[in-house]
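Work through the exercises below with the sequence and the 3D structure open beside you. Each task is followed by a solution that goes step by step.

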Amino acid sequence: MLSPKEAIESGQVWLRYFDGFGPEDWGFIGFTEEKDRSSILNAIDEGALFVIVGTTEAADPREHRRIIGILQISKTIGKAQQFMSPDRFEKKQVTSREKDKWMFALAAHRAWRLKPEQYPTVEEFANETWTTGRARRIGAVGMKLTVKEAEKLKTFDLKEVPVFGQPPVDEQVFKPNGDAFSPSRPGPVSLSSFWVEPAEGPKHLYLLKMTGKPATFLNDKSAYGKILIKPGFSYDPDRRCASLNSSFPSTSAFLWTVHTSTSRRKMQPFATSGHALAGEKAMQEAIQSRFGGRSLGGEFFLLDPKHIDAVLQAGIDAAEAHTA
């Protein structure tokens, strides 16, 4: 497998649109048409990099049309549900924009985030490759960057982050000038417990909380006094939490706990995934627009702990009001 720096220097770097960047739950590059996956599979070497551009559909407005992350791709193929968390796959299949799309997968091996304050626009970063006329191709398949464009990756502050189904990342801190690309890791291996729950049926809303100090976990002093949370929905929130923790060492100071949920409130689950999805979206919006929380990308947020019960209530209200 190519190292990331070898991929850059040999021109094995592609540009691709995503509706956000959450490799801890979405550990692959997906294609709606199998022929498109075959085309890329024939063009890449093991260890090629995909530079991710946020679409205008990304939940975080700061990500729109900006470079937000990097995936290192293996040549392991499969179906989407093999390389993503069960609740993220469930959400995919009940979201009209995502349902039954991007099912032909190429597994990711490693992933890196950029600092939000450093997100370059796609026009600035891919000034030779990107054009409006190529946007559809970039979104569906991807487009190879020039070596000159790819070399810009070495100038970013990057933080390596976990990929679903891959070994945990020991040190999640931003490093300058592409230093986070080293060291290389061994080839793809799955340490995931991969629990699959039914795609439809009754669902509970939950808010997971990370134990330990977020400021230490994130290496970010602005996180002092805040909690790191993940809103979501599941048939069994406790089991979902255990599935997430399966990729952490059992002695880790940083593990997920179910801080609150509708099941712990002794409520009946919501009838369908559609109801629960409406509730989850409302929680995410309330965190940022009503309670001064901050998105960390994907489905993770920093929040003042005094608001956590109100966040869950916002989700409950939206789920109960959902009629579609």
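A residue is called buried when its relative accessible area is under 20%, exposed when that area is over 50%, and partly exposed in between. The model used here is predicted.

**Exercise 1. Describe the overall build of the protein, from its secondary structure to its burial.**

Step 1. Begin with the elements: the protein has 10 helices and 12 strands. Its radius of gyration is 19 Å, close to the 20 Å that the globule rule gives for 324 residues, so the protein is as compact as a globular protein of that length.

Step 2. Turn to the extent of the chain, where the C-alpha trace spans about 55 × 40 × 35 Å along its principal axes.

Step 3. Apply the cut-off for burial, by which 53% of the 324 residues count as buried. The protein exposes about 14,000 Å², and 51% of this area is supplied by carbon and sulfur atoms.

Step 4. Look at the contacts between residues at least 6 apart in sequence, of which 76% join residues at least 24 apart.

**Exercise 2. Characterise the largest pocket and say which elements line it.**

Step 1. The volume of the largest pocket is about 1,400 Å³, and 48 residues line it, with Asp19, Gly20, Glu57, Ala58 and Glu98 lying nearest its centre.

Step 2. Sort the lining by residue class, which gives 14 nonpolar, 15 polar and 19 charged residues.

Step 3. Assign the lining to elements: β1 (13-18), β2 (28-31), α3 (86-94), α5 (135-140) and α9 (273-289) each supply at least two residues. The largest share, seven residues, comes from α9.

**Exercise 3. Determine what covers helices α3 and α8, and place Gly232 in relation to its contacts.**

Step 1. Helix α3 is mostly covered, since eight of its nine residues are buried. These are Pro86, Asp87, Arg88, Phe89, Glu90, Lys91, Lys92 and Gln93, and what covers them includes β8, β9, α8 and α9.

Step 2. In helix α8 (residues 237-245), the buried residues are Pro237, Arg240, Cys241, Ser243, Leu244 and Asn245. Their cover includes α3, β8 (204-210), β9 (227-234) and β10 (256-261).

Step 3. Gly232 lies in strand β9 and, at 0% relative accessibility, counts as buried. Leaving aside residues up to four places away in sequence, Gly232 touches His204, Leu205, Tyr206, Glu280 and Met283.

Step 4. Compare sequence with space for one pair: Gly232 and Lys91 are 141 residues apart in sequence, while their C-alpha atoms are 9.6 Å apart.

**Exercise 4. Arg65 and Lys266 have a positive phi although neither is a glycine; find where each lies and classify its exposure.**

Step 1. For Arg65, phi is about 60°, and the residue is placed in the loop between β3 (48-54) and β4 (67-79). Its relative accessible area is 34%, which falls between the two cut-offs, so Arg65 is partly exposed.

Step 2. For Lys266, phi is about 65°, and the residue lies in the loop between β10 and α9. Its relative accessibility of 75% is over the 50% cut-off, so Lys266 counts as exposed.

Step 3. Set the two results side by side: Arg65 is partly exposed, whereas Lys266 is exposed.

Definitions and conventions. Residues numbered from 1 in each chain as written. Predicted model: local features only at pLDDT ≥ 70, side-chain atom pairs only at ≥ 80, totals over all residues. Heavy atoms only, no water. 1 Å grid on protein atoms, 1.4 Å probe; cavity = no way out; pocket = protein on both sides within 12 Å on 5 of 7 lines; lining within 4 Å. Points joined across faces, edges and corners; volume = space filled by probe spheres on them. Helix = DSSP H or I, 4+ residues; strand = E, 2+ residues; numbered from the N terminus. Nonpolar A, V, L, I, M, F, W, Y, C, P; charged D, E, K, R; others polar. Rg over C-alpha atoms; globule rule 2.2 N^0.38 Å. Buried < 20%, exposed > 50% of the residue type's maximum accessible area, 1.4 Å probe, protein only. Contact = heavy atoms within 4.5 Å. Areas by Shrake-Rupley, 256 points an atom, 1.4 Å probe, with all protein chains shown as cover.
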